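Please open the model in your viewer and keep the selection panel at hand, since each stop below begins with something to select.

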Amino acid sequence: MGNKFVMVGGGSTQSPGILEVLRKRATELNLTELVLYDNDEKRVSLLGQYTEMYYKETGSKVNVSYTTNLDEAFYKADFLFLQIRPGLNKQRAIDEKICLSHGVVGQETCGIGGFSFAMRVIPAVLEIIQKVKEICPDAWILNYTNPEAILSEAIYKEFPEAKVLCICDMPISIEGAIAKYFGKEHKDLTFKYFGLNHFGWWTNIIDENGVDLLPQLRTDVLSGKIDTLLMSNEETEGDQYWIDTYRQMISLFKRFPEYFPNCYLQYYLTPDEMIEHDNVKFTRGDYVMQGREKHIFEECERVIEVGTAKDSKLHAGVHGNYIVDIAYAIIHNTRERFVVNKKNHGAISNFDPEAVVELPAYIGSSGAETINIGEIPTFQKGLMEMQKAYEQKTVETALTKSYQSAIEAVMLNKTIPNYTVGKKVLDELYTVNKEYWGVLR
């Protein structure tokens with residue numbers, strides 16, 4: 001029997017890269033059936049028709065289909081790749097503009113834009129997982145949906161026994177850039193890491209000879225030898241947003257040189273510097289809509305119109321490879337090491353055991369076995385505890401629809417300077433998101 005994979009949110013502009021990796025690695029995944037599912041008929045139809053044609057014309061034996069019928073899509077599924085976006089990038093851009101208009105971080109996972117996105121996406125994802133339990137309970141769900149940190153907290157709270165792995169390709173993208181700097185292959189380095197999603201630190205970078213390269217990286221940064229890292233990801237290479245982000249990450253390491261930071265920490269520790277790069281009239285959401293999104297759907301329409309995909313191709317990168325690598329590790333029980341989001345359960349000994357944390361883990365047929373970290377320092381622990389309280393309070397708000405809970409969540413987010421600003425941002429976001437959030441009481 002072959003494996004059936006379902007792209008949940010198959011109309012996402014992130015789908016093409018994953019679809020290309022699945023095509024290339026279909027044999028080793030024993031992939032025989034691929035379904036693109038989305039509740040947006042136009043988007044899934046365009047990407048579905050394109051993918052059907054592309055797979056067929058490249059000689060793939062995989063049976064490709066697309067649908068807006070969830071029961072049909074999930075029937076006898078083995079793997080579900082989950083990446084959905086209620087409100088699409090249009091709503092993301094609205095959130096970003098509201099935050100920036102009040103002088104606070106307008107980012108879809110880190111600031112209150114992340115709170116708003118979580119309020120839209122938590123109910124939708126929990127509903128999907130409930131359906132998986134009913135239709136294909138043995139299927140593995142690999143979740144790529146943002147904001148991963150908050151969403152993983154909601155998922156493991158509501159479905160503690162579900163076969164879900166919450167993952168993010170940011171750590172491996174940064175690790176790839178570090179490996180590139182040292183002229184090494186990523187597979188030859190062992191990265192030791194702890195934190196929360198988009199909120200973590202590397203403590204060691206061990207090479208194939210057992211040498212820790214972090215001290216050398218620290219010396220090179222503090223001496224001014226390097227001011228940025230070159231991206232190893234073809235999907236982001238040349239993108240000024242990511243160039244600035246990686247440069248700021250090095251700047252942050254220079255100021256807090258004990259451990260190497262995940263790039264998203266700059267939104268919490270240097271928010272004033274981050275918003276200097278932002279344009280309230282044209283945000284990242286606008287950039288994606290007018291760039292990647294426009295290009296992908298125009299290309300789908302062109303291919304469908306001419307009736308062939310022979311002069312077209314889907315581009316794969318880190319995003320696609322990472323999720324497929326994890327599926328491969330589960331199928332073949334490789335026990336390969338990846339960074340995932342799981343309940344702590346003592347891995348960080350001086351942190352809430354029930355909190356979801358982001359840690360290296362060995363992945364096999366039974367899921368993820370996280371690696372023990374031990375005690376973490378006061379600075380990182382303090383930051384994580386406040387951030388975790390914000391994440392947990394956001395989940396509580398999504399489940400209870402309490403306005404009081406919402407304002408408390410907002411005030412726990414480090415990007416919000418005071419109550420006056422927090423309440424204004426919250427109330428404006430609520431006004432434009434009511435159809436997604438529901439009524440707050």
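Select Phe194, Phe199, Trp201, Tyr259 and Tyr268 in this predicted model, and you will have on screen one aromatic cluster, formed by these residues. The count of aromatic pairs comes to 20, and two of them make good next selections.

Take tyrosine 181 together with phenylalanine 182: the ring centres are 5.1 Å apart and the planes stand at 75°, so this pair is edge-to-face. Tyrosine 181 is partly exposed, with a relative accessible area of 26%. Then move to phenylalanine 253 and phenylalanine 260, an edge-to-face pair with 4.9 Å from centre to centre and 65° between the planes; here phenylalanine 253 is buried at 1% relative accessibility, and phenylalanine 260 is buried as well, at 0%.

Charges over rings come next. Select arginine 284 and tyrosine 241, where the arginine lies over the face of the tyrosine, 4.0 Å from the ring centre. Afterwards select lysine 434 with tyrosine 430: the charged end of the lysine sits over the tyrosine ring, at 5.0 Å from its centre.

Turn now to the backbone, keeping in mind that most residues other than glycine have a negative phi, and that most peptide bonds are trans. Select asparagine 146 and proline 147, which are joined by a cis peptide bond with omega at about -10°; proline 147 belongs to the loop between strand S5 (140–143) and helix H7 (148–158).

Leucine 88 is the next residue to select, for although it is not a glycine, its phi is positive, at about 55°. Leucine 88 lies in helix H5, which covers residues 88–101, and with a relative accessibility of 33% it counts as partly exposed. Lysine 401, likewise not a glycine, has a positive phi of about 60° and is found in the loop between helix H15 (378–400) and helix H16 (403–412); its relative accessible area of 16% makes lysine 401 buried.

Finish with the cysteines. How many disulfides does the count come to? The count is zero, and the distances can be checked in the viewer against the cut-off, which asks for two cysteine sulfur atoms within 2.5 Å. For cysteine 99, the closest cysteine sulfur is that of cysteine 110, and at 11 Å it is too far for a bond. Cysteine 263 is in no disulfide either, its nearest cysteine sulfur, again in cysteine 110, being 8.2 Å away. Cysteine 99 is buried, with a relative accessible area of 0%, and cysteine 263 counts as buried at 1%.

Notes
Residues numbered from 1 in each chain as written. Predicted model: local features only at pLDDT ≥ 70, side-chain atom pairs only at ≥ 80, totals over all residues. Heavy atoms only, no water. Buried < 20%, exposed > 50% of the residue type's maximum accessible area, 1.4 Å probe, protein only. Helix = DSSP H or I, 4+ residues; strand = E, 2+ residues; numbered from the N terminus. Phe/Tyr/Trp six-rings, centres within 6.5 Å; stacked < 30°, edge-to-face > 60°. Lys NZ or Arg CZ within 6 Å of the ring centre and 35° of its normal.
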